[in-house]
Amino acid sequence: MPNKVNPVILEVMNQISFQASGNATVAALVLYHGQLELNVMLPVYMKTVIETLQILTSGVQVLIPYLQVAKANPANCQKWLPKATVRPQR
(Lines give C-alpha, C1' and ligand atoms only; values in the text may rest on other atoms or scores of the structure.)
Protein backbone atom coordinates (compact mmCIF):
# COMPACT_ATOMS: atom_id res chain seq x y z
CA MET A 1 0.00 0.00 0.00
CA PRO A 2 1.39 3.42 -0.88
CA ASN A 3 2.35 5.81 1.93
CA LYS A 4 2.08 3.06 4.53
CA VAL A 5 4.46 3.59 7.41
CA ASN A 6 6.12 0.47 8.73
CA PRO A 7 5.50 0.43 12.51
CA VAL A 8 8.43 -1.92 13.03
CA ILE A 9 10.86 1.00 12.78
CA LEU A 10 9.14 2.82 15.63
CA GLU A 11 9.04 -0.38 17.68
CA VAL A 12 12.77 -0.83 17.12
CA MET A 13 13.35 2.75 18.30
CA ASN A 14 11.43 1.88 21.49
CA GLN A 15 13.62 -1.17 21.98
CA ILE A 16 16.75 0.90 21.41
CA SER A 17 15.53 3.46 23.94
CA PHE A 18 14.98 0.77 26.57
CA GLN A 19 18.39 -0.75 25.88
CA ALA A 20 20.05 2.68 26.14
CA SER A 21 18.23 3.29 29.44
CA GLY A 22 19.42 -0.06 30.76
CA ASN A 23 22.95 0.67 29.63
CA ALA A 24 22.84 4.00 31.47
CA THR A 25 21.84 2.17 34.65
CA VAL A 26 24.69 -0.32 34.21
CA ALA A 27 27.17 2.51 33.59
CA ALA A 28 26.03 4.36 36.72
CA LEU A 29 26.25 1.24 38.91
CA VAL A 30 29.69 0.37 37.56
CA LEU A 31 31.05 3.84 38.31
CA TYR A 32 29.55 3.86 41.82
CA HIS A 33 31.16 0.54 42.72
CA GLY A 34 34.75 1.29 41.80
CA GLN A 35 37.18 0.64 44.63
CA LEU A 36 39.32 3.55 45.74
CA GLU A 37 40.83 5.20 42.68
CA LEU A 38 41.27 1.96 40.80
CA ASN A 39 38.05 1.29 38.95
CA VAL A 40 38.35 -2.22 37.59
CA MET A 41 34.87 -1.86 36.14
CA LEU A 42 35.95 0.81 33.64
CA PRO A 43 35.93 -1.66 30.69
CA VAL A 44 32.29 -2.51 31.42
CA TYR A 45 31.48 1.21 31.56
CA MET A 46 33.18 1.88 28.22
CA LYS A 47 31.49 -1.12 26.59
CA THR A 48 28.04 0.12 27.63
CA VAL A 49 28.75 3.69 26.50
CA ILE A 50 30.08 2.57 23.12
CA GLU A 51 27.22 0.11 22.62
CA THR A 52 24.68 2.80 23.49
CA LEU A 53 26.21 5.26 21.02
CA GLN A 54 26.27 2.60 18.29
CA ILE A 55 22.65 1.49 18.70
CA LEU A 56 21.33 5.05 19.00
CA THR A 57 23.27 6.11 15.90
CA SER A 58 22.03 3.13 13.90
CA GLY A 59 18.44 3.66 14.99
CA VAL A 60 18.43 7.36 14.16
CA GLN A 61 19.99 6.72 10.75
CA VAL A 62 17.15 4.32 9.93
CA LEU A 63 14.49 6.70 11.28
CA ILE A 64 15.68 9.94 9.61
CA PRO A 65 14.37 9.18 6.07
CA TYR A 66 10.88 8.60 7.50
CA LEU A 67 10.97 11.81 9.51
CA GLN A 68 12.01 13.87 6.49
CA VAL A 69 8.82 13.00 4.60
CA ALA A 70 6.49 13.27 7.61
CA LYS A 71 4.09 16.19 7.44
CA ALA A 72 1.67 17.38 10.08
CA ASN A 73 -2.02 17.68 9.25
CA PRO A 74 -3.02 21.07 10.77
CA ALA A 75 -6.75 20.22 10.84
CA ASN A 76 -6.09 16.97 12.68
CA CYS A 77 -3.72 18.72 15.09
CA GLN A 78 -6.37 21.34 15.82
CA LYS A 79 -8.91 18.59 16.48
CA TRP A 80 -6.67 16.85 19.02
CA LEU A 81 -5.20 20.03 20.54
CA PRO A 82 -8.01 22.60 20.38
CA LYS A 83 -6.30 25.09 22.70
CA ALA A 84 -3.05 25.03 20.77
CA THR A 85 -2.44 27.43 17.95
CA VAL A 86 -1.57 25.56 14.78
CA ARG A 87 0.24 27.59 12.17
CA PRO A 88 -0.27 26.58 8.54
CA GLN A 89 2.70 25.04 6.78
CA ARG A 90 4.68 27.22 4.41
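Which residues are buried in α1? The legends below start there, using a predicted model.

**Figure 1. The buried residues of helix α1.** Here is the answer to the opening question: in α1, the buried residues are Ile 9, Met 13, Ile 16, Ala 20, Asn 23, Ala 27 and Val 30. They pack against α2. A helix has a repeat to keep in mind here: an α-helix has 3.6 residues a turn, so residues three or four places apart point the same way. The length of the helix can be checked too. With 26 residues at 1.5 Å a residue, α1 should span 38 Å, and its end C-alpha atoms are 38 Å apart, which agrees.

**Figure 2. The whole protein, for orientation.** Before moving closer, take a moment to find your way around. The protein has three helices and zero strands, and from the N terminus on its elements run α-α-α. Helix α1 covers residues 7-32, and helix α2 covers residues 42-68. Of the 90 residues, 12% count as buried. The protein exposes about 7,800 Å², and carbon and sulfur atoms supply 65% of that area. If you look at contacts between residues at least 6 apart in sequence, 53% of them join residues at least 24 apart.

**Figure 3. Thr 48 and Thr 52, two buried residues of α2.** Start with Thr 48, which lies in helix α2. Its relative accessible area is 6%, so Thr 48 is buried. Setting aside residues up to four places away in sequence, Thr 48 touches Asn 23, Val 26 and Ala 27. Now move along to Thr 52, also found in helix α2. Thr 52 counts as buried because its relative accessibility is 14%. Beyond its neighbours within four places in sequence, Thr 52 is in contact with Ala 20 and Asn 23. Asn 23 is thus a residue to look for in both views: Thr 48 touches it, and Thr 52 does as well.

**Figure 4. Glu 51 and its partners in α1.** Glu 51 lies in helix α2 and, at 25% relative accessibility, counts as partly exposed. Apart from neighbours within four places in sequence, Glu 51 is in contact with Gln 19 and Asn 23. With Asn 23 there is a polar contact between the two side chains, at 3.1 Å. Look also at Ala 20: its C-alpha atom and that of Glu 51 are separated by 8.4 Å, although the two residues are 31 residues apart along the chain.

**Figure 5. The salt bridge between Lys 47 and Glu 51.** Side chains of opposite charge can pair when their charged atoms come close. The structure holds one salt bridge, and Lys 47 forms it with Glu 51, the closest N and O atoms being 3.7 Å apart. How far apart are the two residues in helix α2? They are four residues apart, which means that about one helical turn separates Lys 47 from Glu 51. Lys 47 is exposed, with a relative accessible area of 52%, whereas Glu 51 is partly exposed at 25%.

**Figure 6. A nonpolar patch on the surface.** To finish, turn to Val 26, Leu 38, Val 40, Met 41 and Val 44. These residues form a nonpolar patch with about 410 Å² of accessible area together. One of them, Met 41, lies in the loop between α1 and α2. Met 41 has a relative accessible area of 35%, so this residue is partly exposed. Another member of the patch, Val 26, is already familiar from the contacts of Thr 48.

Methods:
Residues numbered from 1 in each chain as written. Predicted model: local features only at pLDDT ≥ 70, side-chain atom pairs only at ≥ 80, totals over all residues. Heavy atoms only, no water. Buried < 20%, exposed > 50% of the residue type's maximum accessible area, 1.4 Å probe, protein only. Contact = heavy atoms within 4.5 Å. Patch = residues over 30% accessible without salt bridge, like charges linked within 9 Å, V, L, I, M, F, W, Y side chains within 5 Å. Areas by Shrake-Rupley, 256 points an atom, 1.4 Å probe, with all protein chains shown as cover. Salt bridge = Lys/Arg side-chain N within 4 Å of Asp/Glu carboxyl O. Polar contact = N/O pair within 3.5 Å; in protein donor to acceptor, adjacent residues only side chain to side chain. Expected span 1.5 Å × (residues − 1).
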